[in-house]
Amino acid sequence: MQTSRIAIVGTGYVGLTTGACLASLGHQVVCIDNDESKIQMLRACSIPIFEDGLDSLVESGLSSGNLAFSTELISSVEGANFTFLCLPTPPNNDGTADLTTLFDVLHRLKGKFASGSIVINKSTVPVNSAGVVAQILAQEVAVVSNPEFLREGSAVHDFLHPDRILIGCDDLSAGEKVAALYSSLNCPIMFTDPLSAESVKYLANAFLAMKISFVNQSALFCDAVGSNVLEVMRGLSFDPRIGSMFLNPGPGWGGSCFPKDTRALTGMASASGEPMSLVTEATATNEKHIHRSAQLIIEAAQNNEASNVKVAILGLSFKADTDDTRESPALRILQIIQDNYENVVAYDPQAKVQNGVVNKRVNTMDEALLGADVVAILTEWDEFRNLDPIHARNLMRGNVIVDLRYLLNKEVFCDSGFSVRAFGI
Ligand code: UGA
């Protein structure tokens, strides 16, 4: 495999993972960010996000010399033959993607690229952005769209074991050079046009979000008719047309991608004259589900006869194995519970939460359980999955667990005197 000189602009979870993984594949990578303190931290091998395996990859990249960190945008890009754009595209108030950072960077880089180098966009950007980027750069370099499909919490694994690599390009020889960067990974590589590549990214996330909304709505249906949603989903999962993944009911979907990308997609679809009502409905269903989930906890607390009912919330991040709480259903549910009850404590092993959002956060699960009347599980951390019923029973005052991640064995917990609640079990 040929070693390439790669500049990665932006060291968020996509940029940092991409940089560390490409360095581990043998390329010479420099990751660039305008945040001086972040670059200092990364040079000292201190990773700003909780992401399994990323620290050891960064460490080995730094010690092999394949990975470097810099705040020097222009000189780093001048020396590269591939420049990956991994910049934030946060939502504007109307849901459209804010491309200010991307455009600022491109204007600074215009005229600075090495001859024959290639710009690769990994940020999630509106359909036709590759065309806009090429226009800004006045055809100075080839522009390739290469969307990422990493999940937070398993980003390194997903990068090194991808389902597919998608290359959107008008210039096939540029696309093939980008594909060659990944030649040591074993997966299908699909070449398509940039508009289609950019569309895949949004439609894949929207499809997955719709799937979870369907599962969560099915849980309500199962609850109403008396069937068991876990059994029902298992029954569905044997059909390869449905698949076994993303069939877990929960408190609703969230994170930094699904909410933002579904909003951007429905906006783009409406603007195109072909509104995607299924996606709009999936989002509305998700909103309702987050509130229904909060209501289930409130009902459990209301039915409790103890004075000054104590509610313990387990989990604040939007899913397990990440410290990310952006658009986290768990955090939103906590806020609703806090608005209704005074004696609420929350525990999460990693979640990063802004000051003032959580009224009372404790440092261990045991502290949260101690004296609790109602416990609600909102994130599927293994620590919660492994909860021992006898231990929990000894710590708690009450006996109600609202298991909105469906982690516990209901029968075992009921045998230990618990009442376990969730939709459709
Ligand atoms: C998602 C996609 O899965 C990635 O492929 C994509 O690259 C990424 O967005 C992105 O666009 O950057 P991520 O946001 O990390 O990844 O999280 P997911 O694992 O997809 O979970 C999203 C939400 O769905 C979470 O709130 C999770 O708890 C929920 N979920 C997921 C369920 O409630 N049930 C499931 O069965 C699966």
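## Salt bridges and surface patches in a predicted model

The count of salt bridges comes to 13. The structure is a predicted model, and the values below are computed from it. Three of the pairs are set out in the table.

| Pair | Closest N to O distance |
|---|---|
| D261 and K260 | 3.1 Å |
| E287 and R332 | 2.8 Å |
| D323 and K352 | 3.1 Å |

**Salt bridges**

The partners D261 and K260 are both buried. The salt bridge of E287 with R332 has its closest N and O atoms 2.8 Å apart. This pair links distant parts of the chain, with E287 in helix α12 (residues 277–302) and R332 in helix α13 (residues 329–340), 45 residues apart. E287 has a relative accessible area of 33% and is therefore partly exposed. R332 is also classed as partly exposed, because its relative accessibility is 29%.

The side chains of D323 and K352 meet in a salt bridge at 3.1 Å, N to O. Here too the pair links distant parts of the chain: D323 lies in the loop between β9 (311–314) and α13, and K352 in the loop between β10 (344–347) and α14 (365–369), 29 residues apart. Are the two partners buried or exposed to some degree? D323 counts as buried because its relative accessibility is 9%, under the 20% limit for that class. K352, at 47% relative accessibility, counts as partly exposed. In addition, salt bridges that share partners join E152, D324 and R326 into one network.

**Surface patches**

A patch of negative charge on the surface gathers D52, D55, E59 and D321. Of these residues, D52 is found in the loop between α2 (36–43) and α3 (54–64). D52 counts as exposed because its relative accessibility is 63%, and the class begins over 50%.

A nonpolar patch on the surface is formed by L172, I189 and F191, which together have about 240 Å² of accessible area. Within this patch, I189 belongs to strand β8 (residues 189–192). The relative accessibility of I189 is 33%, so I189 counts as partly exposed.

**A buried serine**

S4 lies in the segment before β1 (5–9). With a relative accessible area of 7%, S4 is buried. Which residues does S4 touch, not counting residues up to four places away in sequence? The contacts of S4 are H27, Q28, N81, F82 and L181.

Key. Residues are numbered from 1 along each chain as its sequence is written. This is a predicted model: local features need pLDDT of at least 70, side-chain atom pairs count only at pLDDT 80 or more; totals for chains, interfaces and linings use all residues. Side-chain values use heavy atoms; hydrogens and water are left out. Patches are made of residues with over 30% relative accessible area and no salt bridge: like charges are joined within 9 Å, nonpolar side chains (Val, Leu, Ile, Met, Phe, Trp, Tyr) within 5 Å. Accessible areas come from the Shrake-Rupley method with a 1.4 Å probe; for residues, only the protein chains shown count as cover. A salt bridge is a side-chain nitrogen of Lys or Arg within 4 Å of a carboxyl oxygen of Asp or Glu. Lys and Arg count as positive and Asp and Glu as negative; His and the chain ends are not counted. The place of a charge is taken as NZ of Lys, CZ of Arg, CG of Asp or CD of Glu. Helices (H or I, at least four residues) and strands (E, at least two) are DSSP runs, numbered from the N terminus. Buried means under 20% relative accessible area, exposed over 50%, partly exposed in between (1.4 Å probe, protein chains only). Contact means heavy atoms within 4.5 Å.
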